Amino acid sequence: MNGVMFAAVLCSGLAVWLFAGRDQGLRRARLLFADGAAVAAAGPVRKAPVWADWRRLPREWLCLPVAAVVAVLGVSVLPLIAGAVAVPLVGRRLRKAAAARIRLRRTDAVIALCGAVAGELRAGRQPGQALLAAGRGSGAFGGAEAAVLAAARFGGDVPGALRLAALEPGAEGLVGVAACWRVSVDGGAGLAAGLDGLERALRTERDQRADLHAELAGARSTVVILAVLPVMGLLLGTGLGADPLRTLLHSPAGLGCLVAGGVLEGAGLVWAGRIVRAGEGA
């Protein structure tokens, strides 16, 4: 038993060692590429050791060390197989969460852009100059920022560039900006007034979405509880003096319970996730 505990502690320490240095590497990269003075202050760049590359692995690979700990404690290879299967699933979930955060940030950037351009117009700038001043580095245009700013600087098709930028996730509000721009150019309407109205509409829509997100917090908590409940059951059984891992992984009845529980757990998670997505879609 001491050997098993030593192996578990060793695997846990390895996982922490592999992933703890990621922020330090990012900070050093920002320091090196911020400006020349920072590079000079940091001194000569030393080549990173080979093992340092392992610390930059995606977070989903953390499933493998965790699975290794469970495999050592349960003396079975099944947790390793489950950990390998979980890597792409967890990675897809993490990528979706990252994309959702980027989408929200870009939506906020579009709302801020409307107010900033309207303010620049009221300060006396021309529409192209106002868009250049407010849009540079705002994050509202995504990968199409260069095209939008070039159209604004050189008198190009600004509405067309804005509609192209609106294809970026979270930048759908730029379609309204393009429409306001077209109406102000063709019909002579005030662009600042149109952008003010668009900003209010986008802000209201964002607030409604945030309220819906808060109302669905209970359903999301159910999903989290469903995901954590089996782990809590295993910990409770271990605390009561039983050996649930050995029973699940080394007996026919335990394997049957493990398969049935896994199927029911997956069905519960899918069902709860569909409820949440249906509420968000509504």
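**Figure 1. Thirteen helices follow one another along the chain.** Read from start to end, the sequence gives the pattern α-α-α-α-α-α-α-α-α-α-α-α-α. The model shown is predicted. The chain contains 13 helices and zero strands. It has 282 residues, and buried residues make up 29% of them. About 17600 Å² of the chain is exposed, and carbon and sulfur atoms supply 67% of that area. Take the contacts with a separation of 6 or more: 57% of them join residues 24 or more positions apart.

**Figure 2. The largest nonpolar core holds 35 residues**. The residues with the most contacts inside this core are Leu113, Val117, Leu131, Phe141, Leu162, Leu174 and Leu195. Several helices give two or more residues each: helix 5, helix 6 (127-135), helix 7 (145-154), helix 8 (158-165), helix 9 (174-187) and helix 10 (191-215). Helix 5 gives the most, with eight residues. Val117 offers a way into the view. Beyond its neighbours within four places in sequence, Val117 is in contact with Ala130, Leu131, Ala134 and Leu195. Two of these partners, Leu131 and Leu195, are also listed with Val117 among the residues with the most contacts inside the core.

**Figure 3. Helix 10 has 25 residues**. From its first C-alpha to its last, helix 10 reaches 36 Å. That is close to the 36 Å expected at 1.5 Å a residue. Which residues of helix 10 are buried? They are Leu191, Ala192, Leu195, Asp196, Leu198, Glu199 and Leu202. Leu195 is also among the residues with the most contacts inside the largest nonpolar core. Asp196 takes part in a salt bridge, shown in the next view.

**Figure 4. A salt bridge joins Arg122 to Asp196**. The closest N and O atoms of this pair are 2.0 Å apart. Arg122 belongs to helix 5 and Asp196 to helix 10, so the salt bridge ties together parts that are 74 residues apart in sequence. The two ends differ in cover. Arg122 has a relative accessible area of 54%, so it counts as exposed. Asp196 is buried, because its relative accessibility is 16%, below the 20% cut-off.

**Figure 5. Glu168 and Arg106 form a salt bridge**. Their closest N and O atoms lie 3.8 Å apart. This pair links distant parts of the chain, with the two positions 62 residues apart in the numbering. Glu168 sits in the loop between helix 8 and helix 9. Arg106 is part of helix 5. Is Arg106 buried or exposed? Arg106 is buried, with a relative accessible area of 13%. Glu168 is partly exposed, at 24% relative accessibility.

**Figure 6. Asp243 meets Arg246, and three other residues form a network.** The side chains of Asp243 and Arg246 meet in a salt bridge, at 3.3 Å from N to O. Asp243 has a relative accessible area of 40% and is partly exposed. Arg246 is partly exposed too, with a relative accessible area of 43%. Elsewhere, Asp108, Arg206 and Asp207 are linked in a network of salt bridges. How many salt bridges does the count come to? The count comes to 11.

**Figure 7. Glu60 lies in a loop and is buried**. The loop runs between helix 3 (36-42) and helix 4 (63-74). The relative accessible area of Glu60 is 12%. Anything under 20% is called buried, so Glu60 falls in that class. What does Glu60 touch, not counting residues up to four places away in sequence? Its partners are Val87, Val90, Gly91, Leu94 and Arg95.

**Figure 8. Eight residues form a nonpolar patch on the surface:** Val77, Leu78, Leu80, Ile81, Val85, Leu89, Leu255 and Leu258. Together they have about 650 Å² of accessible area. Helix 5 (78-122) and helix 13 (252-281) are the elements that give two or more residues to the patch. Which element gives the most? Helix 5 does, with five residues. Leu258 belongs to helix 13. At 36% relative accessibility, Leu258 is partly exposed.

Key:
Residues numbered from 1 in each chain as written. Predicted model: local features only at pLDDT ≥ 70, side-chain atom pairs only at ≥ 80, totals over all residues. Heavy atoms only, no water. Patch = residues over 30% accessible without salt bridge, like charges linked within 9 Å, V, L, I, M, F, W, Y side chains within 5 Å. Areas by Shrake-Rupley, 256 points an atom, 1.4 Å probe, with all protein chains shown as cover. Salt bridge = Lys/Arg side-chain N within 4 Å of Asp/Glu carboxyl O. Helix = DSSP H or I, 4+ residues; strand = E, 2+ residues; numbered from the N terminus. Buried < 20%, exposed > 50% of the residue type's maximum accessible area, 1.4 Å probe, protein only. Core = buried A, V, L, I, M, F, W, Y, C linked by side-chain atoms within 4.5 Å. Contact = heavy atoms within 4.5 Å. Expected span 1.5 Å × (residues − 1).
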